[in-house]
Amino acid sequence: MDDFVLLKRFIEQTLAIQCSNYKEDYIKRRLLSRMRSTSTTTYEEYLRYLKANPLELENLRNALTINVTEFFRDNEVYEFMKKDILPTLFGQRDRIRIWSAGCSTGEEPYSLAIVLSELIAQNPKLSAQIYATDIDKVVLAKAQEGIYTPKAMVKLSESQIHRHFTKLPDGNFQVKPHLKGLIRFRPHDLMSGVPVSRWLDLITCRNVTIYFNEKQKDELAKMFHGALVSGGYYIMGKTEYLGRQVDSLFTPHNSLQKIFIKKD
Ligand SMILES: C[S@@+](CC[C@H](N)C(=O)[O-])C[C@H]1O[C@@H](n2cnc3c(N)ncnc32)[C@H](O)[C@@H]1O
């Protein structure tokens, strides 16, 4: 068995990540990046390093899952948006602005757009603009294209698929123009400031800060605080947390779902 196969087997057994879910080229690129960081030069050497350094396992997990996303990831967050956050915001103004920061291949902003378009359909005087950004231009191009495999669609209902996607001859699904029309995609490094004009109503920055150090995370929270309207919402990933230096800037609104409201 060759060393790459041995390494994949070790990853599957230890990290419970199914390598077959990814393209081989993608796995190799991520492994090479970790090999550069650990000054190892062959798969065999890196495997030995992994076994001897348990901390590297977490680095590898983060490297492999860096672009991982899905439609309606943590569905309870979207349920909460539908029932609580969006009705509150639309109670204050007819047009709202949302930023999906670190949107990867687009499933997050399209899920937001699905929820919004269903609310707007009930009350056409409402409207919304979603800004979706990511540092990685390759995933952003995929997001803009908006084509997904049937496997990626499992969390969507039949009626959502029917309303918002077109089935292509090859069996994949493409997002319909009315959904795309709600979103503006653009490349952006979160470390470089806010990419749009201020006074956003909602910022989702979920599962993005895994590589950021504490100082960078705090700076990000301060930047989001400055970009939100008074009473605006900041939603983090379920495993992320607000640093002590910045927790006075926000009031927890739903602690389980990591939803915060800007304090003035
Ligand atoms: C794991 S995905 C999360 C996607 C989505 N937010 C979700 O929760 O499903 C993390 C994304 O953050 C992006 N990212 C990482 N560092 C970034 C940075 N400094 N600025 C903007 N995006 C960044 C990555 O390119 C990746 O697409």
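**Domain arrangement, sheets and ligand shell of the predicted model**

The centres of domain 1 and domain 2, taken over C-alpha atoms, are separated by 30 Å. In this predicted model, domain 1 covers residues 3–64 and domain 2 covers residues 75–262. Ten helices and ten strands are found along the chain. The radius of gyration of the chain is 20 Å, close to the 18 Å given by the globule rule for 264 residues, and the chain is therefore as compact as a globular protein of that length. Taken along the principal axes, the box filled by the C-alpha atoms is roughly 60 × 50 × 30 Å.

Seven of the strands are assembled into an open sheet of mixed pairing, in which the order is β6-β2-β1-β7-β8-β10-β9. The edges are occupied by β6 (183–187) and β9 (250–254); each has a single partner strand, so that one side of each is left without a neighbour in the sheet. On average, and with direction ignored, neighbouring strands of this sheet are turned by 20° against each other. Helix α6, formed by residues 107–122, lies across β1 (95–101), β2 (127–134), β6 and β7, and runs at about 180° to β2.

Within the seven-stranded sheet, the pairings can be followed from β7 through β8 and β10 to the edge strand β9. Strand β7 (residues 200–205) runs parallel to strand β8 (residues 228–236), and the two are joined by five bridges; at this pairing, L228 in β8 stands opposite L200. Strand β8 is also paired with strand β10 (residues 259–262), here in the antiparallel sense and over three bridges. Two residue pairs can be named for the contact between β8 and β10: Y234 has F260 as its bridge partner in β10, while I235 stands opposite I259 in β10.

The antiparallel sense is found again between β9 and β10, which are joined by four bridges. In this pairing N254 has I259 as its bridge partner in β10, and F250 is partnered by K262 in β10. Residue I259 is thus placed opposite I235 and is also the bridge partner of N254. The strands β9 and β10 form a hairpin with four residues between them, and K258, which lies in the turn, has a positive phi of about 55°.

A further open sheet consists of three strands in the order β3-β5-β4, and its pairing is antiparallel. Strands β3 (147–148) and β4 (165–167) are the edge strands of this sheet, each of them pairing on one side only. Between β3 and strand β5 (residues 173–175), which run antiparallel, there are two bridges, and in this pairing Q174 in β5 is the bridge partner of I147.

The ligand is surrounded by 21 residues, of which the closest are T69, G102, S104, I135 and L190. By residue class, the shell around the ligand is made up of eight nonpolar, seven polar and six charged residues.

Terms used:
Residues are numbered from 1 along each chain as its sequence is written. This is a predicted model: local features need pLDDT of at least 70, side-chain atom pairs count only at pLDDT 80 or more; totals for chains, interfaces and linings use all residues. Two strands pair if DSSP finds at least two bridges between them. A residue is near a molecule or strand if its C-beta atom, placed from the backbone, lies within 6 Å of it. Ala, Val, Leu, Ile, Met, Phe, Trp, Tyr, Cys and Pro count as nonpolar, Asp, Glu, Lys and Arg as charged, and the others, Gly among them, as polar. Domain bounds come from an automatic or database domain assignment. Axes are lines fitted to C-alpha atoms, for helices over the stretch in contact, and angles run from 0 to 180 degrees between N-to-C directions. Two residues are in contact if their C-beta atoms, placed from the backbone, lie within 7 Å. The radius of gyration is taken over C-alpha atoms; the globule rule is 2.2 Å times the number of residues to the power 0.38.
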